[in-house]
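Hi,

Here is the structure I said I would pass on. Have a look at it first, and my notes follow underneath.

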Amino acid sequence: NGDAGDGFTNKWLTDNDQSLSCYDCTKPIAKPLYNTTYVLIVQDTAGCFTDTSFFDIQILVKSSIDVPNMFSPNNDGINDIIYVKGWGIKRLISFKIYNRWGQIVFETNDINTGWDGTYQGKPQPIETYVYIVEYEAYKYRDIKSIKGYITLIR
């Protein structure tokens with residue numbers, strides 16, 4: 001937060017990236033993909049006072065994927081759709097859900113799209129389904145994959 005009040009200007013500098021939402025505001029949003037140092041220079045409008053602050057952001061090379069193991073698509077507004085969630089995800093490659101016969105009943109590559117418990121417009125039975133998620137994390141070049149089970153209840 002670089003808010004020194006009225007009569008002051010802010011200038012943000014970075015060592016080698018373009019990850020700030022603005023460079024002359026008081027509260028920029030930083031989204032660096034690697035370790036970055038930010039420098040804030042606050043100066044009064046008359047040019048008599050200058051203060052410099054340094055902010056070091058260390059990036060942990062981690063990601064996490066979570067798929068709930070149960071959902072209830074019964075139109076009550078609670079847990080009606082199952083999504084892939086997590087952090088450090090650059091790209092969802094695929095989210096596939098299989099029934100007990102190995103048939104794909106749902107597939108997407110959009111992390112904002114989830115399964116509503118239907119296949120070809122028909123509600124699917126109460127049972128356990130298998131899912132496979134493939135994704136690319138921001139700091140990795142390889143593809144990550146997780147598998148698990150989802151129980152559909154009503």
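I searched the whole structure for aromatic pairs and six turned up. Bear in mind that this is a predicted model.

Take Trp12 and Phe55 to begin with. Their ring centres are 5.6 Å apart and the planes make an angle of 40 degrees, so this pair counts as tilted; the tilted class lies between stacked, under 30 degrees, and edge-to-face, over 60. The two residues come from distant parts of the chain, 43 residues apart: Trp12 belongs to strand β1 (residues 8-14) and Phe55 to strand β3 (residues 50-57). Trp12 is buried, at 7% relative accessible area, whereas Phe55 is partly exposed, at 34%.

Next come Phe95 and Tyr131. This aromatic pair is edge-to-face, with 75 degrees between the planes and 6.4 Å from centre to centre. Here too distant parts of the chain are linked, with Phe95 in strand β7 (residues 89-98) and Tyr131 in strand β11 (residues 127-137), 36 residues apart. Phe95 has a relative accessibility of 0%, so it counts as buried, and Tyr131 is buried as well, at 8%.

There is also an aromatic cluster, made up of Phe71, Trp115 and Tyr129. Separately, look at Tyr83: the charged end of Lys85 sits over its ring, 4.8 Å from the ring centre.

Now for the strands. β7 and β11 both belong to an open sheet of five strands, which runs β5-β12-β11-β7-β8 with mixed pairing. Which strands are at the edges? They are β5 (70-71) and β8 (104-108), each of which pairs on one side only. β5 runs parallel to strand β12 (residues 143-152), and two bridges join them. Phe71, from the cluster above, stands opposite Leu152 of β12.

One last residue to look at is Asn99, which is in the loop between β7 and β8. Is Asn99 buried or exposed? With a relative accessible area of 8%, Asn99 is buried, since the cut-off for buried is under 20%. A polar atom of the Asn99 side chain lies 3.0 Å from the backbone nitrogen of Trp101. If you leave aside the neighbours within four places in sequence, Asn99 is in contact with Val105, Glu127 and Tyr129. Tyr129 is the cluster member mentioned earlier.

Cheers

Key:
Residues are numbered from 1 along each chain as its sequence is written. This is a predicted model: local features need pLDDT of at least 70, side-chain atom pairs count only at pLDDT 80 or more; totals for chains, interfaces and linings use all residues. Side-chain values use heavy atoms; hydrogens and water are left out. Rings of Phe, Tyr and Trp (its six-membered ring) pair if their centres lie within 6.5 Å; planes under 30 degrees apart count as stacked, over 60 as edge-to-face and the rest as tilted. Helices (H or I, at least four residues) and strands (E, at least two) are DSSP runs, numbered from the N terminus. Buried means under 20% relative accessible area, exposed over 50%, partly exposed in between (1.4 Å probe, protein chains only). A charge sits over a ring if NZ of Lys or CZ of Arg is within 6 Å of the ring centre and within 35 degrees of the ring normal. Two strands pair if DSSP finds at least two bridges between them. A polar contact is a pair of N or O atoms within 3.5 Å; within protein, one must be able to donate a hydrogen and the other to accept it, and residues adjacent in sequence count only if both atoms are side-chain atoms. Contact means heavy atoms within 4.5 Å.
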